[in-house]
Amino acid sequence: EHIASTDRGTSLQQGEARVHTVQHLLAAVSALQLDNLLIEIDGPEIPIGDGSFKPFYDVLQAAGVVQQNANAVTLELRDVVHVSANGGSSYVVIPDSAYRISGTIEFDHPLIRRQFGSFTVQPQKFGEDLAPARTFGFMREAETLYARGLAKGATLDNAIVLNEAGLAWGELRFSDEFVRHKIGDIVGDLALLG
């Protein structure tokens, strides 16, 4: 009920308080199965780090977990759910004993094209398979995003930046890093369901 925007990231708002790009932090929280914590920030946006989930995963894992004397409130899916979103995205949620996300993305770019990935979301596997995957964007969109007040903190060091032919700088951490990052974003957004 506190989602204010999902334009190029997830923003939450309660009253006048609004925080942008929470999905990377929430993905790490969810993957580490943390369900009761207080996060304090002193600005309007969660820091980007290196553009992946890993900085949040690492610091939360290092902090450790304290068991509490209360049962966690969880959401149990009992039926198949189909959802279609603007822009042609569609989602199918199927009950299962494991938390697994499978996804396909398609971009008209030589490094991406169509990518499929399927990953189990549990602490160690998330840390290995999804946490290092960085966010990505296209040079051709940069000016439009800046004009809209978005991606102002994006640099070649904290995002995969793509030009028309390939990478504008650096190397990929995985050949399918793009779909891995999108699946990680979904983990963060689903964390909002409980």
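Strand 4 (81–84) and strand 5 (90–93) each contribute at least two residues to a nonpolar patch, and in this predicted model the patch is a convenient place to begin. Its members are Leu77, Val81, Val83, Tyr91 and Val93, which together make a nonpolar surface of about 360 Å². Tyr91 lies in strand 5, and because its relative accessibility is 39%, Tyr91 counts as partly exposed, a class that covers values between 20% and 50%.

The two strands that supply the patch are also partners in pairing, for strand 4 and strand 5 run antiparallel and are joined by 4 bridges. Within this pairing Val81 stands opposite Val93 of strand 5, and both of these valines belong to the nonpolar patch. In a regular strand, side chains alternate between the two faces of the sheet. Val81 and Val83 are both listed in the patch, as are Tyr91 and Val93. The hairpin formed by strand 4 and strand 5 has 5 residues between the strands, and in this hairpin Gly87 adopts a positive phi near 85°.

From the hairpin we can step back to the whole chain. The protein contains 5 helices and 9 strands, and when these are read along the sequence they follow the pattern β-β-β-α-α-β-β-β-β-α-β-α-β-α. The C-alpha trace spans about 55 × 40 × 35 Å along its principal axes. For 194 residues a compact globule would be expected to have a radius of gyration near 16 Å, and because the protein has 17 Å, its value agrees with that expectation. Among contacts with a separation of 6 or more, 62% are made by residues 24 or more positions apart. Buried residues account for 33% of the 194 residues, while the surface that the protein exposes comes to about 12500 Å², of which carbon and sulfur atoms supply 50%.

Where does the cover over helix 1 come from? Helix 1 (residues 23–31) is mostly covered, with 9 of its 9 residues buried. The buried residues are Gln23, His24, Leu25, Leu26, Ala27, Ala28, Val29, Ser30 and Ala31, a list that takes in polar side chains such as Gln23, His24 and Ser30 along with nonpolar ones such as Leu25 and Val29. What covers them includes helix 2 (54–63), helix 3 (123–129) and helix 5 (177–190). Just after helix 1, Gln33 takes a positive phi of about 60°.

Helix 3, one of the elements that cover helix 1, also brings us to the charged side chains. Side chains of opposite charge can pair when their charged atoms come close. By the distance rule used here, the count comes to 8 salt bridges. One of them joins Lys125 to Asp129, with the closest N and O atoms 3.2 Å apart. Because Lys125 and Asp129 are 4 residues apart in helix 3, they are separated by about one helical turn. An α-helix has 3.6 residues a turn, so residues three or four places apart point the same way. The two partners fall into separate accessibility classes: Lys125 is partly exposed, with a relative accessible area of 32%, whereas Asp129 is buried, at 16%, since buried means under 20%.

Which residues does Asp129 touch, leaving aside those up to four places away in sequence? They are Phe119, Phe174 and Arg180. Arg180 in turn forms a salt bridge of its own with Asp176, the closest N and O atoms being 2.6 Å apart. Both partners in this second pair count as buried, because Arg180 has a relative accessibility of 14% and Asp176 has one of 17%.

A further salt bridge is made by the side chains of Asp50 and Arg173, which meet at 3.0 Å, N to O. This pair links distant parts of the chain, 123 residues apart, with Asp50 in the loop between helix 1 and helix 2, and Arg173 in the loop between strand 9 (160–162) and helix 5. Arg173 has a relative accessible area of 39% and is therefore partly exposed.

Key:
Residues numbered from 1 in each chain as written. Predicted model: local features only at pLDDT ≥ 70, side-chain atom pairs only at ≥ 80, totals over all residues. Heavy atoms only, no water. Buried < 20%, exposed > 50% of the residue type's maximum accessible area, 1.4 Å probe, protein only. Contact = heavy atoms within 4.5 Å. Patch = residues over 30% accessible without salt bridge, like charges linked within 9 Å, V, L, I, M, F, W, Y side chains within 5 Å. Areas by Shrake-Rupley, 256 points an atom, 1.4 Å probe, with all protein chains shown as cover. Salt bridge = Lys/Arg side-chain N within 4 Å of Asp/Glu carboxyl O. Pairing = 2+ DSSP bridges. Rg over C-alpha atoms; globule rule 2.2 N^0.38 Å.
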